[in-house]
Amino acid sequence: SGSARAQVSCICPSRHSSAMDQTEKAYQKQDAVFIGSKRLLGKKSSKRSMRYWRNVGLSFTTPKEAKEGNFVDKKCPFTGNVSIRGKILKGMVISTKMKRTIIIRRNYLHYIKKFNRFEKRHSNMAAHCSPAFEPKEGDIVTVGQCRPLSKTVRFNVLKVEKNQIFGNPRKVFMLF
């Protein structure tokens, strides 16, 4: 008796043990990098593994973890096959319980003409979060629109600003 989950190890531990994180049942590799290249006899292979990363544009810097890390995420805008186009939005992280997906809360004011006043409203939105970022609840994130990644996810995290919000982030009303 034991857990039903099997420990997955790389088939060839000598070649790629530190190259990519192997925690899934399928072998994880980046599509843009060919790892089966022929090696010349007598030539030592470099310790530095090949890694694909790019600049998403719109003056967003590529995080250091995306350039030097060893995660594999095909939905990451920096290391995967996702382009950012359309809207750029900001919101507050309220949930990080899903794997590689976060829930952000966007607050706004709605005008009531009869009373000549505004009321507070909010909308929650799911966004894919690359392993290059580690947002906490209460952080302010900038997300960019991309193609649909799942049933509810249409945005991807581009930047995380650490925020010192004390207490429950759902109770704090902040406009960005």
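This text walks through a predicted model, starting with its strands and moving on to its charged and polar side chains.

The central element is a closed barrel of five strands, in the order S1-S2-S3-S5-S4, with mixed pairing. Neighbouring strands of this sheet are turned by 50° against each other on average, direction ignored.

Going round the barrel in that order, S1 and S2 come at the start. They run antiparallel and are joined by four bridges. Within this pair, Val-93 stands opposite Ile-104 in S2. The hairpin of S1 and S2 has two residues between the strands, and in it Arg-100 takes a positive phi near 60°. Arg-100 returns below as a salt-bridge partner.

The next pair, S2 and S3, is also antiparallel, and twelve bridges hold the pairing. Ile-102 faces Ala-127 in S3 across this pair. Four residues lie between the strands in the hairpin of S2 and S3, where Asn-116 has a positive phi near 60°.

From S3 the order passes to S5. Strand S3 covers residues 117-128 and strand S5 residues 155-161; the two run parallel and are joined by two bridges. Here Ala-127 stands opposite Phe-155 in S5. Ala-127 thus has a partner on either hand, with Ile-102 opposite in the pairing of S2 and S3 and Phe-155 opposite in S5.

S5 then meets S4 in an antiparallel pairing of six bridges, in which Thr-142 lies opposite Lys-159 in S5. The ring is completed by S1 and S4, which run antiparallel with five bridges between them. Gly-91 stands opposite Val-141 in S4. Strand S4 itself, residues 140-145, is mostly covered, with five of its six residues buried.

Next come the charged side chains. Side chains of opposite charge can pair when their charged atoms come close. A search of the whole structure finds five salt bridges, and three of them are described here.

One of the salt bridges is formed by Asp-73 and Arg-100, whose closest N and O atoms are 3.4 Å apart. This pair links distant parts of the chain, 27 residues apart: Asp-73 sits in the loop between helix H2 (64-68) and strand S1 (88-98), and Arg-100 in the loop between S1 and strand S2 (101-112). The two partners differ in exposure. Asp-73 counts as buried because its relative accessible area, 6%, is under 20%. Arg-100, at 31%, is partly exposed.

Glu-161 and Lys-90 form another salt bridge, at 3.3 Å from N to O. The residues are 71 apart along the chain, with Glu-161 in strand S5 and Lys-90 in strand S1, so the pair links distant parts of the chain. Glu-161 is partly exposed at 28% relative accessibility, and Lys-90 is partly exposed at 33%.

In a further salt bridge, the side chains of Glu-119 and Arg-121 meet at 2.8 Å, N to O. Glu-119 is partly exposed, with a relative accessible area of 29%; Arg-121 is likewise partly exposed, at 34%.

Which side chain of opposite charge is nearest to the buried Arg-105? Arg-105 belongs to strand S2. The nearest such side chain is that of Glu-137, 11 Å away, and Arg-105 has no salt bridge. The absence follows from the distance, because a salt bridge requires the side-chain nitrogen to be within 4 Å of a carboxyl oxygen. Arg-105 does have polar partners. Its side chain makes a polar contact with the side chain of Asn-107 at 3.0 Å and another with the side chain of His-122 at 3.4 Å. Leaving aside residues up to four places away in sequence, Arg-105 touches Gly-91, Met-92, Ile-94, His-122, Ser-123, Asn-124, Arg-170 and Phe-176. Gly-91 in this list is the residue that stands opposite Val-141 in S4.

The last stop is Thr-62, in the loop between helix H1 (13-16) and H2. Is Thr-62 buried or exposed? With a relative accessibility of 12%, Thr-62 counts as buried. Its side chain reaches the backbone oxygen of Arg-54 at 3.0 Å. Not counting residues up to four places away in sequence, Thr-62 touches Trp-53, Arg-54, Asn-55, Lys-67 and Phe-78.

How values were computed. Residues are numbered from 1 along each chain as its sequence is written. This is a predicted model: local features need pLDDT of at least 70, side-chain atom pairs count only at pLDDT 80 or more; totals for chains, interfaces and linings use all residues. Side-chain values use heavy atoms; hydrogens and water are left out. Two strands pair if DSSP finds at least two bridges between them. Axes are lines fitted to C-alpha atoms, for helices over the stretch in contact, and angles run from 0 to 180 degrees between N-to-C directions. Buried means under 20% relative accessible area, exposed over 50%, partly exposed in between (1.4 Å probe, protein chains only). Lys and Arg count as positive and Asp and Glu as negative; His and the chain ends are not counted. A polar contact is a pair of N or O atoms within 3.5 Å; within protein, one must be able to donate a hydrogen and the other to accept it, and residues adjacent in sequence count only if both atoms are side-chain atoms. Contact means heavy atoms within 4.5 Å.
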